Amino acid sequence: MTHGIGGSDAATELADIRPWATPAPAITAGERADRIARARMLMAEHGMGALLIGAGASLRYFAGVPWGASERLVAMLLTASGDPIVVAPRFELGTLEADLAVTADLRLWEEDESPSELVAAALRERGIGRLAIDPAMAFLFVERLRRAAPALDLVEASLVVDGCRMYKSAAELALLQQAKSMTLEVQRRAARILRPGIRTSEVARFLDQAHRAIGAPGGNSFVIVQFGRATAFPHGLPGDAALREGDMVLIDTGCLIHGYHSDITRTYVFGNADVEQCRIWDLEKEAQAAAFAAAQPGAPCEAVDHAARAVLGKAGLGPDYRLPGLPHRTGHGIGLSIHEPAYLVRGDRTPLAPGMCFSNEPMIVIPDRFGIRLEDHFYMTEDGPRWFTEPSPSIDRPFG
């Protein structure tokens, strides 16, 4: 019998949750100034005259503006000197001023005007002939800018954007730690509400309510709840399954704290695990531990993926992405985006360095039967990796 699974209900668990007692501070104006200074240093190093950042995670990173991308151009133009220039619709001025966390020159456009012309004019003013474009910016905007400034040399800005965002500060690590610790507590409480017949939608609803109760204002940033055969599909199957004795349970969820993500997966059995479920669970834990041990400063990211696959290969799974085995990368970077560079996958030779943060989730899939994903996250220090959340101890005591 699995300990810590079942025995309670949603109302009892929600009533017992208290808001997070030690919230991490928000990112300061001084840290944002440091980010802009580092971006300028990288721009100079790579011969980029200016950097254009569109709405999304990177605009939040540099300027504090938490807007998602839409069909309207919202962007920050950063040059070697002078205040950043922010281009936005004029009707958004009030909201922009409330969200903007850096001093900026605002260039506003009406609905019948071209924001690309505003960017082109700003580049001419500052004598810029080579512009680095946010790698997440929509092709539509890039083409419009190309037409507005045909002589402009456009290059992709990953070297600058990733060169800043991949390496988390102490303040970012604290925000990530809070988000992940909160989600692990929510996961623990979700396991306690399980009962025969409970629907995946009921569990997902509880997770959202619990995230809000513990201090995540937006509730779930995402949620996957799967029972039985559906766990054999990394992102699940559609439908609203009911839980049965002996089902594998996979819950993958997260929240946001000041934009920073958690993303924690727990997998266990409702009832008594059979021999094969126990064997595969133990292999998954061994692969996760091997990946963690391989994450040493200076090693390439792909070495972590190799270590996890070596464990599975020795047990007769795989090889490579073949099933039964591990069908996807071992992990991904995480921060203001839930998936961001660098990646723990073959071919990514980015050297591991202090401040980098990753998921560690070498999922094992047994086709049409079940899947097991144990996902925790770690960050790199000068001395090696450190867990944000401690891995699950065992299949029959998944929360200790």
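How many disulfides does the structure hold? I went through the cysteines with this in mind, remembering that I was working from a predicted model, and I found that the structure holds 0 disulfides.

**Cysteine 164.** I looked up this residue and noted that cysteine 164 is in no disulfide, the nearest cysteine sulfur being that of cysteine 357, 15 Å away. Since a disulfide requires two cysteine sulfur atoms within 2.5 Å, I left this pair out. I then checked whether cysteine 164 is buried or exposed; its relative accessibility is 2%, so I entered cysteine 164 as buried.

**Cysteine 357.** I turned to the partner just named and recorded that cysteine 357 is in no disulfide either, with the sulfur of cysteine 301 as the nearest cysteine sulfur, 12 Å away. Cysteine 357 has a relative accessibility of 3% and therefore counts as buried.

**Helices H8 and H9.** I next examined how helix H8, residues 170-192, packs with helix H9, residues 200-214, and I wrote down an angle of about 135° with the axes 10 Å apart. That angle is why I describe H8 as oblique to H9. I also noted the hand of the crossing of H8 and H9, which is right-handed.

**Contact residues.** Which residues of H8 meet H9? On the H8 side I listed Met182, Thr183, Glu185, Val186, Arg189 and Ala190, and on the H9 side I listed Phe206, Leu207, Ala210, His211 and Ile214. Sorting the residues of this contact by character, I arrived at 7 nonpolar, 2 polar and 2 charged.

Definitions and conventions
Residues numbered from 1 in each chain as written. Predicted model: local features only at pLDDT ≥ 70, side-chain atom pairs only at ≥ 80, totals over all residues. Heavy atoms only, no water. Axes fitted to C-alpha atoms, helices over the stretch in contact; angles between N-to-C directions. Helix = DSSP H or I, 4+ residues; strand = E, 2+ residues; numbered from the N terminus. Parallel < 35°, antiparallel > 145°, perpendicular 65-115°, else oblique. Left-handed = near helix turned anticlockwise from the far one by under 90°. Contact = heavy atoms within 4.5 Å. Nonpolar A, V, L, I, M, F, W, Y, C, P; charged D, E, K, R; others polar. Buried < 20%, exposed > 50% of the residue type's maximum accessible area, 1.4 Å probe, protein only.
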